[in-house]
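Hi everyone, thanks for making time. I'd like to walk you through one structure this morning, starting with its interior and working along the strands from there.

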Amino acid sequence: MEPSGAMIFLIAVAIFVIIVLKKSLVIISQSETKIVERLGKYFATLKPGINVIIPFIDQPKTIVTLRHGRYVYSDVIDLREQVYDFPKQNVITKDNVQTEINALLYFQIMDPFKAVYEINNLPNAIEKLTQTTLRNIIGELELDQTLTSRDTINTKLRAVLDEATDKWGVKVNRVELQDITPPESVLQAMEKQMQAERNKRATILTSEGQKAAAILKSEGEKTAIINKAEADKQMAILAAEGEAQARIRKAEAEAIAIQKITDAVGQSTNPANYLLAQKYIAMMQDLADGDKTKTVYLPYEATNLLGSIGGIKDLFKENN
């Protein structure tokens, strides 16, 4: 049985209704959005979830977006933070050294309306802006500064890009330099310079060690001389004190001897004459025992001497 015209019409109407419903309902995933134009004019920015539009009148705006590092046309705008790995590019430093640099750019679309209507090709615009800004920043630095100032370069680059892309509804969160590759000749020269610097530091450390050793040695010798001088000083002081004590003791002994002689001989005889006579007799004995051919004896004050001897004789008589 062949289908009638009415059934064909109903089937056609059902298919049309399904197509209309499908085009009327737009499902947006989380962290995504679409720009809808009504008859070529901006109408709405769709939110995540189910959205209803008028088929054939409302149309999503197709834009150039970045997917897996490639430019593609799509009507979906990703609101998540995106990372773009820029290919290596040649830049020239302030000291005219050509260097290859590649960078990572982290950005996020904050205003989909501006991202669609304020710029024609957003990813390409960000790439070209990053390249030109990076050339300008590197052109103000010498090669050594470029290699040691990555954080400074990243900060300057992010600040310039963030300000420039603000009117596009884009927020540049982070810029990271991956590789900075000077020419091979420069790398070899840098390696030689580093080796020379290491040798210089080694020489300096060696000389400083020798200097420190010489200083310590001289300080040790100085300390030894000072200690020896101090010891000699203390020894001389002790010797002088010992000699002084000996003289004091000797004087005290002589004083005691004189006192005993005085007690023995009494006040009539001078003790000094008695002692002098004893020493004189001892000296005469030594002279008698010596070489008589070479010795001439001249008595000194014989009268006093005889008086002293007479005192000794008197003393013996009294004792007997």
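**Cores, strands and cavities**

So, here we are, and please keep in mind that this is a predicted model. Let's begin with the largest nonpolar core, which has 32 residues. Leu105, Leu122, Ile126 and Trp168 are the ones with the most contacts inside this core. The elements giving two or more residues to it are E6, E11, H2, H3, H5 and E12. H3 gives the most, with seven residues.

Let me stay on Trp168 for a moment. What is Trp168 in contact with, leaving aside its neighbours within four places in sequence? The list is Asp111, Lys114, Ala115, Glu118, Ile119, Leu122, Ala125, Ile126 and Leu129. There is also a second, separate core of five residues, and Val26, Val36, Leu46 and Ile53 are included in it.

Now to strand E11, residues 98-109. Nine of its twelve residues are buried, so E11 is largely enclosed by the rest of the structure. Buried here means under 20% relative accessible area.

Which strands pair with E11? One of them is E9, residues 82-85, which is antiparallel to E11 and joined to it by four bridges. If you want a landmark in that pairing, look at Val83, whose bridge partner in E11 is Tyr106. Strand E10, residues 89-92, also runs antiparallel to E11, again with four bridges. There, Gln89 is found opposite Ile101. E10 and E11 make a hairpin with five residues between them. For those of you who like to check backbone torsions, Asn96 in that turn has a positive phi of about 60°.

Then we come to E12, residues 170-181. The E11 and E12 pairing is antiparallel too, with ten bridges. In it, Ile109 of E11 sits opposite Val170.

Let's move on to the empty space. How many cavities of 30 Å³ or more does a search of the whole structure find? The answer is two. The largest has a volume of about 90 Å³. Its lining is made up of Ile63, Val64, Thr65, Leu66, Ile77, Asp78, Gln82, Phe107, Ile109, Ala115, Leu122 and Pro123. Strands E6 (63-67), E8 (77-78) and E11, together with helix H3 (122-139), are the elements that give two or more residues to that lining. E6 has the largest share, four residues. By type, the lining comes to nine nonpolar residues, two polar and one charged.

The second largest cavity has a volume of about 30 Å³. Lining it are Ile63, Val64, Ala115, Val116, Ile119, Asn120, Asn121 and Leu122. E6 and helix H2 (112-117) are the elements that give two or more residues here. This lining has six nonpolar residues, two polar and no charged.

I'll finish with a polar side chain, Asn154, in helix H5, residues 150-165. Is Asn154 buried or exposed? Its relative accessible area is 9%, so Asn154 counts as buried. Beyond its neighbours within four places in sequence, Asn154 is in contact with Val175, Glu176 and Leu177.

That's the tour. Thanks for listening, and I'm happy to go back to any part of it.

Key. Residues are numbered from 1 along each chain as its sequence is written. This is a predicted model: local features need pLDDT of at least 70, side-chain atom pairs count only at pLDDT 80 or more; totals for chains, interfaces and linings use all residues. Side-chain values use heavy atoms; hydrogens and water are left out. Buried means under 20% relative accessible area, exposed over 50%, partly exposed in between (1.4 Å probe, protein chains only). Two strands pair if DSSP finds at least two bridges between them. On a 1 Å grid over the protein atoms alone, a cavity is a set of points where a 1.4 Å probe fits but cannot get out, and a pocket is an open set with protein on both sides within 12 Å along at least five of seven lines; lining residues have an atom within 4 Å of a point. Grid points are joined across faces, edges and corners, and a volume is the space filled by probe spheres set on the points. Ala, Val, Leu, Ile, Met, Phe, Trp, Tyr, Cys and Pro count as nonpolar, Asp, Glu, Lys and Arg as charged, and the others, Gly among them, as polar. Contact means heavy atoms within 4.5 Å. A nonpolar core is a set of buried Ala, Val, Leu, Ile, Met, Phe, Trp, Tyr and Cys residues joined through side-chain atoms within 4.5 Å.
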